[in-house]
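Trainee: I've got a chain open on my screen and I'd like to practise reading it. Can we go through it together, one question at a time?

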Amino acid sequence: VVVAVYTVEGCGGGNNWASLLGVFSEEAGRVVQYALPDPPGFVVESARVDKGVIEVSGLDYAPNDGRCCPSLHVGARYRITGRTVSPQP
């Protein structure tokens with residue numbers, strides 16, 4: 001299992017981008033992406049895996065933040081069980 005944090009940038013200029021979390025594995029020579037039932041709703045900066053638990057950290061927008069500059073430090077946890085990724089309290 002591979003956990004990746006990646007950024008997707010929009011076309012045509014502007015401030016249209018997203019930083020996402022992906023969980024992947026290789027099965028029979030093909031890359032399979034696991035569905036996240038409740039993906040992070042914030043700008044993902046980093047992720048680490050420890051004993052089947054993915055700890056994600058990043059930034060979210062405070063009420064007065066501009067689109068360019070989220071300022072709230074937030075996190076989420078997910079458990080990998082087989083081919084399933086689920087939120088971990």
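Trainee: In which loop is the place of Lys51?

Mentor: Keep in mind that this is a predicted model. One strand, β4, covers 43–50, and β5 covers 53–60. Lys51 falls in the loop between β4 and β5.

Trainee: And is Lys51 buried or exposed?

Mentor: You need a cut-off here: exposed means over 50% relative accessible area. Lys51 has 76%, so this residue counts as exposed.

Trainee: What's the phi of Lys51, then?

Mentor: Start with the background: most residues other than glycine have a negative phi. Lys51 isn't a glycine, yet its phi is positive. The value is about 55°.

Trainee: Which loop holds Ala28, and what is its phi?

Mentor: Look between β2 (17–27) and β3 (30–34), because that's the loop where Ala28 sits. Ala28 is another residue other than glycine with a positive phi. Its phi is near 55°.

Trainee: How accessible is Ala28?

Mentor: Again, the exposed class starts over 50%. Ala28 clears that cut-off, so it counts as exposed, with a relative accessibility of 81%.

Trainee: Zooming out, how many helices and strands does the chain have?

Mentor: Read the elements from the N terminus on and you get β-β-β-β-β-β-β. That comes to 0 helices and 7 strands.

Trainee: What share of the chain's residues count as buried?

Mentor: Buried means under 20% relative accessible area. The chain has 89 residues, and the share that counts as buried is 25%.

Technical notes. Residues numbered from 1 in each chain as written. Predicted model: local features only at pLDDT ≥ 70, side-chain atom pairs only at ≥ 80, totals over all residues. Heavy atoms only, no water. Helix = DSSP H or I, 4+ residues; strand = E, 2+ residues; numbered from the N terminus. Buried < 20%, exposed > 50% of the residue type's maximum accessible area, 1.4 Å probe, protein only.
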